[in-house]
Amino acid sequence: MECKFCRIANHQAPAFVIYEDENFIAFLDIYPWVEGHTLVIPKEHYRWVWDMPPKLAGDYFQVVHKIANHYRKVFQTEFVMSRIYGYDIPHAHIHLFPDARGKIAFYPKQRLGRLSLEKGKELSQKLRLK
Ligand SMILES: [Zn+2]
């Protein structure tokens, strides 16, 4: 599978790289929502973050953690927003938005209202991981 992000990971396409190691690369989004908007991706192609093997996904989060904390220092903010969405490019990626408070908002199209005791019990039984 070859995609735009695979080409960046393989250094076949240019990117403003801010971090790289054996398995991951992070670079600035070319259409930033805020200054420093960063995409962190595995070098190997996975369609979704959830397709990655658990061990690699753990390493992935450590890299994201490292970059997010770096940005907290650089941008002098506690607030670094992250997002896993995945529709835009079919290669696993995590967005990091440093200092995004008040600049980006995510709201559902329709709010469901307060979770009732009944619905909460029903859902927690249905969704509990056994
Ligand atoms: Zn890819």
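Strands, like helices, are DSSP runs here: E over at least two residues, numbered from the N terminus. The model shown in every view is predicted.

**View 1. Val-40 sits in strand β3.** Val-40 counts as buried because 24 C-beta neighbours lie inside 10 Å, where 20 or more are required. Leaving aside neighbours within four places in sequence, Val-40 is in contact with Phe-24 and Ala-26. Its other contacts on that basis are Val-63, Val-64, Ile-67, His-93, Ile-94 and Leu-96. Tyr-19 is 21 residues from Val-40 along the chain, and their C-alpha atoms are separated by 8.6 Å.

**View 2. Strands β2 and β3 run antiparallel.** β2 covers residues 24-28 and β3 covers residues 38-42. Five bridges join the two strands. One of the residues to look for is Ala-26, whose bridge partner in β3 is Val-40.

**View 3. Five strands form an open sheet.** The strand order is β1-β2-β3-β5-β4, with antiparallel pairing. β1 (17-20) and β4 (80-83) stand at the edges. Each has a single partner strand, so one side of each is left without a neighbour in the sheet. From one strand to the next, the twist averages 20°.

**View 4. His-65 is found in helix α2.** The helix spans residues 54-74. His-65 is exposed because just 11 other C-beta atoms lie within 10 Å, and the cut-off is 12 or fewer. Asp-88 is 23 residues from His-65 in sequence. In space, the two are 23 Å apart, C-alpha to C-alpha.

Notes. Residues numbered from 1 in each chain as written. Predicted model: local features only at pLDDT ≥ 70, side-chain atom pairs only at ≥ 80, totals over all residues. Pairing = 2+ DSSP bridges. Helix = DSSP H or I, 4+ residues; strand = E, 2+ residues; numbered from the N terminus. Axes fitted to C-alpha atoms, helices over the stretch in contact; angles between N-to-C directions. Contact = placed C-beta atoms within 7 Å.
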